[in-house]
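This report looks at an internal cavity, two residues of the interior and some unusual backbone geometry. The sequence and structure come first.

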Amino acid sequence: MPAFRTLDDADLAGKRVLVRVDLNVPMEDGKVSDATRIERVLPTIREISEKGGKVVLLAHFGRPKGRDDKNSLRQVVPALAHALGQPVTFVDDCIGEDVARAVAAAKNGEVLLLENTRFHVGDEKNDPEFVRALAANGDLYVNDAFSAAHRAHASTEGLAHVLPAYAGRTMQAELEALSAGLDSPARPVLAIVGGAKVSTKLELLGNLVKKVDILAIGGGMANTFLAARGVNVGKSLCEHDLVAIAREIEEKAKAAGCEILLPVDALAAREFKAHPGYRVVPVGEVADDEMILDAGPLSVAEVVLRLDKVKTVVWNGPFGAFELPPFDTATVTVAKAVAQRAKTGRLVAVAGGGDTVAAMNHAGVADDLTYVSTAGGAFLEWMEGKPLPGVEALRKG
């Protein structure tokens, strides 16, 4: 990955290394309930530690308005230390003399976690003075938080301009996967986009029709496209005020040579709950009092058929209300088909954003895809074709 500086380019021994990580993890009863984000940053922390650098972790937690105990990173320390297998020293601020003393006292290879950077308004404002205060405690800067790379904050972007800056191993893996997904993919490319509303993914759809060969649309947003084609979708979730936009997207796709796949049949029910009475019908035969809650078997078969013709799959969003069985059927079936082909090297499969990680975990295939991104907003902005400030700051040259 020559365009970005990585740890391969860094001399870490004896250096104070400021490492921006994502430790914004879910908590239950004062304990970390999902350590996925902690596990993702372990390779970078361990490598810096083993190469003799002092690891000084920077992170945010929650959306604090100033300092408050509820959003203190102190509560993450036990889970981080356990996952890392070594002690983690917590410092009650991220700038100032206490931090300087703690960093100076640390031995090479030791790990420190500084308090929530967002306790200071200067972080989100990317205030130059706050950037300098953070930088005072580091010789190098490593960004391993792709999930926050779409924000031009002091800890995610500002530091890269005042210290030698590198991508951590998780950031590097993410950038390599994303490059293989859309930036320079093996073709043909199939994008799967699901979710509730077209309105939240207009830029995404507009970008994808110019970059991919096939666009399969599922979830509630597919109903808006069906309505734009004159199909009665009953009382399904549908943004009727956006049918003109849906038609425009279809026209752009046609002009770009991108095939749009919409459901041809559906699981329709009168109640939005698990295991209601439902029927499988062609999309044109949904009754006025029914709602489409999943794509049907013929629609799934159409998508799976395309999998044997493509080299790359980029996935964002489920096909149906996957939290409510049996409306997880389409998502699970397609996910397993994608995973099987990715595992055997027949295609590159990159998934991420929003409910996608939960859907892939639900299908039991997260470990079999080429890459599953835990970055929500950053993954979506990348799919929309937007430059990410935290990434751009790491480019060589």
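## Backbone geometry and interior

Proline 326 sits in the loop between β15 (312–316) and α11. The model is predicted, and in it the peptide bond leading from proline 325 to proline 326 is cis, with omega near 10°. A cis bond also joins arginine 187 to proline 188, with omega near 5°. Proline 188 belongs to the loop between α6 and β9 (189–193).

Most peptide bonds are trans, and most residues other than glycine have a negative phi. Asparagine 126 has a positive phi of about 50° without being a glycine; its place is the loop between α4 (121–124) and α5 (128–135). Histidine 275, likewise not a glycine, has a positive phi near 50°. Histidine 275 lies in the loop between β12 (265–269) and β13 (278–282). With a relative accessible area of 59%, histidine 275 is above the 50% cut-off and therefore counts as exposed.

Two helix residues are listed below with the C-alpha separation to a partner distant in sequence.

| Residue | Partner | Residues apart along the chain | C-alpha separation |
|---|---|---|---|
| Valine 334 | Isoleucine 192 | 142 residues | 10.0 Å |
| Tryptophan 382 | Histidine 150 | 232 residues | 8.5 Å |

Valine 334 is part of helix α11 (residues 329–343). Its relative accessible area is 0%, under the 20% limit, so valine 334 is buried. Neighbours within four places in sequence aside, valine 334 touches Ile192, Val300, Val303, Trp315 and Phe319. Isoleucine 192 is thus both a contact of valine 334 and its partner in the table.

Tryptophan 382 lies in helix α13 (residues 377–383). Tryptophan 382 is also buried, because its relative accessibility of 10% falls under 20%. With neighbours within four places in sequence left out, the contacts of tryptophan 382 are Leu178, Gly181, Leu182, Asp183, Val314 and Leu388.

What volume does the largest cavity have? The value is about 110 Å³, and the structure holds one cavity of 30 Å³ or more. The lining of the largest cavity consists of Asp22, Arg37, Arg40, Val41, Asp144, Ala145, Phe146, Ser147, Thr170, Glu174, Thr374 and Ala375. By class, five of the lining residues are charged, four nonpolar and three polar. Helices α1 (36–50) and α6 (169–183) each contribute at least two lining residues. The largest share, three residues, is supplied by α1.

Definitions and conventions
Residues numbered from 1 in each chain as written. Predicted model: local features only at pLDDT ≥ 70, side-chain atom pairs only at ≥ 80, totals over all residues. Heavy atoms only, no water. 1 Å grid on protein atoms, 1.4 Å probe; cavity = no way out; pocket = protein on both sides within 12 Å on 5 of 7 lines; lining within 4 Å. Points joined across faces, edges and corners; volume = space filled by probe spheres on them. Helix = DSSP H or I, 4+ residues; strand = E, 2+ residues; numbered from the N terminus. Nonpolar A, V, L, I, M, F, W, Y, C, P; charged D, E, K, R; others polar. Buried < 20%, exposed > 50% of the residue type's maximum accessible area, 1.4 Å probe, protein only. Contact = heavy atoms within 4.5 Å.
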